[in-house]
Amino acid sequence: MKIIITIFFLLLAFLSRTNAQSVTHSKEWKDLITSLQNENWQVANELSLSILNKITKDSPDDVASAILRYMYIYSEAGLMNSNKVTKSEALKNVVGFTGQMVILPSHPISLKMDFNSIRLANGKTDSLFITSTNKDATSIFSFEYIVMNKQWPLDDFKNSAGSICRLGGTIRSISVEGNMLPRFRIVLDHGIAKMENK
């Protein structure tokens, strides 16, 4: 399985605006990717928010903004998990994204209970589920529920096992769960899926 940070690069296929593409070619963007790869959560957190604040002034619905929002939430989960911020601080830092679009990193579709993979949430394809972790899958960062805009045919989902897919949607809610091992619980509405090879 590819590590989660490398998968962020695959999201660049979503980028369509010239302004967004220039962001991904900046030094700040390269430093952000390096920080995420190295699990340097503080630097990744600061950079993702800094870049996000620069580009959302002109294009709040830009695809790059949706990717950066998730990067910020992911790095905030890393800070919370490593006790650099409290649960209430982490929630306060991300709850403002409610009602806004995020694009998740690409993940493989799985019929088993795997980390960092797309699974059925309730045995049906109208809601999908991801357990997002750090790159070694030793710490759970979030439980992500994606309520799909359109139900995925079950046979097609099963036949797609092992394929790489990107999901996105609008944040309906974000909360913190767990005491000893805190993590986010994120629910997305209007979920969309894009297969990596299609």
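Student: In this predicted model, does F143 count as buried, partly exposed or exposed, and what cut-off decides the matter?

Tutor: The class depends on relative accessible area, and a residue is called buried when the value lies under 20%. In the predicted model, F143 has a relative accessibility of 17%. F143 therefore counts as buried.

Student: How many aromatic pairs are found in the whole structure, and how is the pair of F129 and F143 classed?

Tutor: A search of the whole structure yields eight aromatic pairs. For the rings of F129 and F143, the centres are 5.7 Å apart and the planes meet at 40°. Planes under 30 degrees apart would count as stacked and planes over 60 as edge-to-face, with the rest as tilted, so the pair of F129 and F143 is tilted.

Student: Which strands does the pair of F129 and F143 link?

Tutor: The two residues are 14 residues apart, and their pair links distant parts of the chain. F129 belongs to strand 4 (residues 127-133), while F143 belongs to strand 5 (residues 140-148). The strands asked for are strand 4 and strand 5.

Student: F129 also forms an aromatic pair with Y145; is Y145 buried, partly exposed or exposed?

Tutor: The pair of F129 and Y145 is tilted, with 4.8 Å from centre to centre and 50° between the planes. F129, at 11% relative accessibility, counts as buried. Y145 has a relative accessibility of 26%, and since buried means under 20% and exposed over 50%, Y145 counts as partly exposed.

Student: How many bridges join strand 6 to strand 7, and how do these strands run?

Tutor: Strand 7 (residues 183-195) is joined to strand 5 by six bridges, and those two strands run parallel; in strand 7, G191 is the residue that stands opposite M148. Strand 6 (residues 164-177) is joined to strand 7 as well, and L167 stands opposite A193 in strand 7. For strand 6 and strand 7, the direction is antiparallel and the number of bridges is eleven.

Student: Which exposed residues lie on the face of helix 3 turned away from its buried side?

Tutor: Helix 3 (residues 27-37) has the buried residues W29, L32, I33, S35 and L36. They cover an arc of only 160° around the axis, which puts them on the same side of helix 3. The face turned away from that buried side carries the exposed residues K27 and K30.

Technical notes: Residues are numbered from 1 along each chain as its sequence is written. This is a predicted model: local features need pLDDT of at least 70, side-chain atom pairs count only at pLDDT 80 or more; totals for chains, interfaces and linings use all residues. Side-chain values use heavy atoms; hydrogens and water are left out. Rings of Phe, Tyr and Trp (its six-membered ring) pair if their centres lie within 6.5 Å; planes under 30 degrees apart count as stacked, over 60 as edge-to-face and the rest as tilted. Helices (H or I, at least four residues) and strands (E, at least two) are DSSP runs, numbered from the N terminus. Buried means under 20% relative accessible area, exposed over 50%, partly exposed in between (1.4 Å probe, protein chains only). Two strands pair if DSSP finds at least two bridges between them. The arc is that of the directions from the helix axis to the C-beta atoms.
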